[in-house]
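Colleague: I have a new model open and would like to get to know one part of it properly. Could you walk me through a single helix, from its setting to its end?

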Amino acid sequence: HRPFEMTSSRTMTQDLASLSAVMAETSRILCAFGGKLFGVESEGKLRAPLFDGHTDLLVFALLSLGLFFANWSLRLAVEPVARMLLGKTSTKAKVQKFAQSALEMVFYGAFTVFGILVVPGQEWFWPSERWWSDYNSGKMMLISDALKAYYLLYAARYSQGIVSVLIEHKRKDFWEMQVHHVVTVALITVSYIYGWNRVGSVVMVLLDPADVPLHAAKMCKYIADARGGRVGKACQTAADVFFVIFMLLFAVMRLGLYPYVVWSAHIEAAAYFHFGRDAYVCVVLLYLLLGLQVYWFALILKVAIRVVRSDGVVEDVRSDDEEEEEEVEKLEPKKNK
């Protein structure tokens with residue numbers, strides 16, 4: 001064992017891809033991704049993931065770091081705008097939460113557009129049997145550069161989110177959000193390694209759209225609470241509308257279409273290949289993600305029912321910890337007196 005111990009660190013260093021190789025791969029997939037978004041480049045040749053030298057892992061780490069700095073740099077730029085919109089009486093916490101929702105809306109909106117432009121154009125997108133029919137031939141491992149960029153960027157976005165949630169104001173569903181982020185990153189990682197990138201891409205497309213109107217509703221609610229008067233009433237109405245859109249999208253995309261994906265991964269896929277440990281891990285993670293969607297929608301319905309039954313204001317299911325009562329946000333529709 002001693003010779004191995006003496007050379008293990010050196011071997012680890014030699015096994016890692018060089019910085020130039022990582023930068024080259026990152027540049028390649030991002031260029032293909034940009035070309036796909038703007039319609040100036042075709043899909044190109046399909047390639048297998050680059051596991052040698054941990055190249056794709058290092059690309060993912062680089063993208064995670066880039067998105068983390070982009071997220072917090074943009075928040076610093078958005079906060080002055082938030083201060084202006086909310087007025088002088090708004091607290092620092094409110095300004096930061098407005099900026100947080102603004103950036104969340106931008107990120108969810110951008111990835112919604114990315115997914116729509118990249119995923120449905122794949123030849124395997126539909127019917128769902130195509131997600132599994134090429135498994136035994138090994139073709140499921142192959143992925144285009146544009147889709148690879150979308151996949152790794154998506155994972156990077158949630159990995160930086162795991163850290164960002166620790167820095168942001170603590171929410172009542174802090175642990176649920178952390179579980180969601182960790183499960184999402186784990187699912188993306190496992191699906192990428194074992195060739196489940198097709199179903200993984202479909203899941204990504206389904207889960208993002210609902211959060212765009214949610215964060216738009218939050219932003220409108222912050223302004224309504226801060227401004228009052230005509231502006232406040234208009235923003236409150238907008239918040240109500242966005243909240244309803246959010247509920248509908250959540251119900252359709254996450255509780256209507258997503259369960260079909262889980263069924264396909266659990267039942268339909270079994271007709272095309274024998275399930276091993278990798279398949280069961282993916283299916284369990286998909287079910288965990290489904291459980292979170294059911295839990296959140298139950299909270300949303302609870303909020304909606306309470307609003308309909310009373311004339312008062314009900315707290316948002318994602319409001320801050322009770323220790324900061326003066327900073328609690330209220331997202332739900334409020335009856336105008």
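Modeller: Happy to, and let's take helix α3, residues 55–86. Do keep in mind that this is a predicted model. First, the setting. The chain has ten helices and zero strands, so α3 sits in a run that reads α-α-α-α-α-α-α-α-α-α from the N terminus. Of the 337 residues in the chain, 49% are buried. Among contacts with a separation of 6 or more, 81% join residues 24 or more positions apart.

Now the helix itself. With 32 residues at 1.5 Å each, α3 should span 46 Å, and because its end C-alpha atoms lie 45 Å apart, the two values agree. There is a bend along the way: about 30 degrees at V78, with a proline, P80, following within four residues.

Next, look at which side chains are hidden. The buried residues begin with T55 and D56, go on through V59, F60, L63, S64, L67, N71, R75, E79 and A82, and finish with L86. As you step along that list, it helps to recall that an α-helix has 3.6 residues a turn, so residues three or four places apart point the same way.

What do the buried residues of α3 pack against? Their partners are α2 (19–37), α4 (92–118), α5 (145–167), α6 (174–193) and α8 (211–227).

Finally, the end of the helix: α3 is followed by G87, which has a positive phi near 95 degrees.

Terms used
Residues are numbered from 1 along each chain as its sequence is written. This is a predicted model: local features need pLDDT of at least 70, side-chain atom pairs count only at pLDDT 80 or more; totals for chains, interfaces and linings use all residues. Side-chain values use heavy atoms; hydrogens and water are left out. Helices (H or I, at least four residues) and strands (E, at least two) are DSSP runs, numbered from the N terminus. Buried means under 20% relative accessible area, exposed over 50%, partly exposed in between (1.4 Å probe, protein chains only). Contact means heavy atoms within 4.5 Å. The expected span of a helix is 1.5 Å times one less than its number of residues. The bend at a residue is the angle between axes fitted to the seven residues ending there and the seven starting there.
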